Amino acid sequence: ATHEVIDVDHDGFSLRRGPFGIGRPRRYAAEHIRDLRASPTGDPQAADMFSQFTASHPPGTLAFDYGARAIRFGEELPETEAQEIVAAIVRRFQRYGQ
């Protein structure tokens with residue numbers, strides 16, 4: 001089964017997808033991250049964003065803008081849990097709430 005591991009710190013986000021969460025990490029620098037949000041996969045933007053990814057990068061219920069791209073993760077999270085995660089990240093790292 002594929003798992004996601006998301007590490008968040010003051011410097012950015014690191015996202016890994018793969019068996020047991022041991023896939024190759026993708027790092028996103030904090031200075032380029034904007035609009036961290038919970039975003040249901042059923043919304044119209046989700047379909048557009050999904051077209052940017054291969055099967056190894058499915059849409060998720062968490063998203064942020066990274067330059068001109070939208071990065072989505074949290075593949076199987078319920079929307080309410082995604083909102084709680086966003087709130088927790090912003091409480092700990094206020095820079096992601098801007």
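**Exercise 1. Confidence along the chain**

Find which element of this predicted model has the lowest mean pLDDT and which has the highest.

*Solution.* Start with the two ends of the ranking: helix α1 (residues 44-50) comes lowest with a mean pLDDT of 47, and strand β3 (residues 26-29) comes highest with 96. Next, look at residues 46-58, where pLDDT stays under 50. For this stretch the model has 20 contacts beyond four places in sequence. Finally, take the protein overall: the average pLDDT is 81, and 78% of the residues score at least 70.

**Exercise 2. Laying out the sheet**

Work out the order of the strands in the open sheet and the sense of their pairing.

*Solution.* Step one is the order: three strands form the open sheet as β4-β5-β6, with antiparallel pairing. Step two is the edges, which are β4 and β6 (69-73), each pairing on one side only. From one strand to the next, the twist averages 20°.

Step three takes one pair in detail. Strand β5 (residues 62-66) joins β6 in the antiparallel sense over five bridges. For Asp-65, the bridge partner in β6 is Ala-70.

Step four adds the helix: α2 (residues 79-92) packs on the sheet and touches β4 and β5. The direction of α2 makes about 140° with that of β4.

**Exercise 3. Arg-34 and its surroundings**

Place Arg-34 in its element, then find what this residue touches away from its sequence neighbours.

*Solution.* First, the place: Arg-34 sits in strand β4 (residues 33-38). Second, the contacts: leaving aside residues up to four places away in sequence, Arg-34 touches Phe-64 and Asp-65. Third, compare sequence with space for one of these partners: Arg-34 and Phe-64 are 30 residues apart in sequence, yet 5.8 Å apart in space, C-alpha to C-alpha. Fourth, follow the side chain of Arg-34, which reaches the backbone oxygen of Glu-31 at 3.2 Å.

**Exercise 4. Buried, partly exposed or exposed?**

Classify Arg-34 and Ser-39 by relative accessible area.

*Solution.* The cut-offs come first: under 20% is buried, over 50% is exposed, and values in between are partly exposed. Arg-34 has a relative accessible area of 47%, so this residue is partly exposed. Ser-39 has 4%, so Ser-39 is buried.

To complete the picture of Ser-39, locate this residue in the loop between β4 and α1. Then list the contacts of Ser-39, again not counting residues up to four places away in sequence: Gly-60, Thr-61, Ala-63 and Arg-72.

Note on methods
Residues numbered from 1 in each chain as written. Predicted model: local features only at pLDDT ≥ 70, side-chain atom pairs only at ≥ 80, totals over all residues. Heavy atoms only, no water. Helix = DSSP H or I, 4+ residues; strand = E, 2+ residues; numbered from the N terminus. Buried < 20%, exposed > 50% of the residue type's maximum accessible area, 1.4 Å probe, protein only. Contact = heavy atoms within 4.5 Å. Polar contact = N/O pair within 3.5 Å; in protein donor to acceptor, adjacent residues only side chain to side chain. pLDDT = per-residue confidence, 0-100. Pairing = 2+ DSSP bridges. Axes fitted to C-alpha atoms, helices over the stretch in contact; angles between N-to-C directions.
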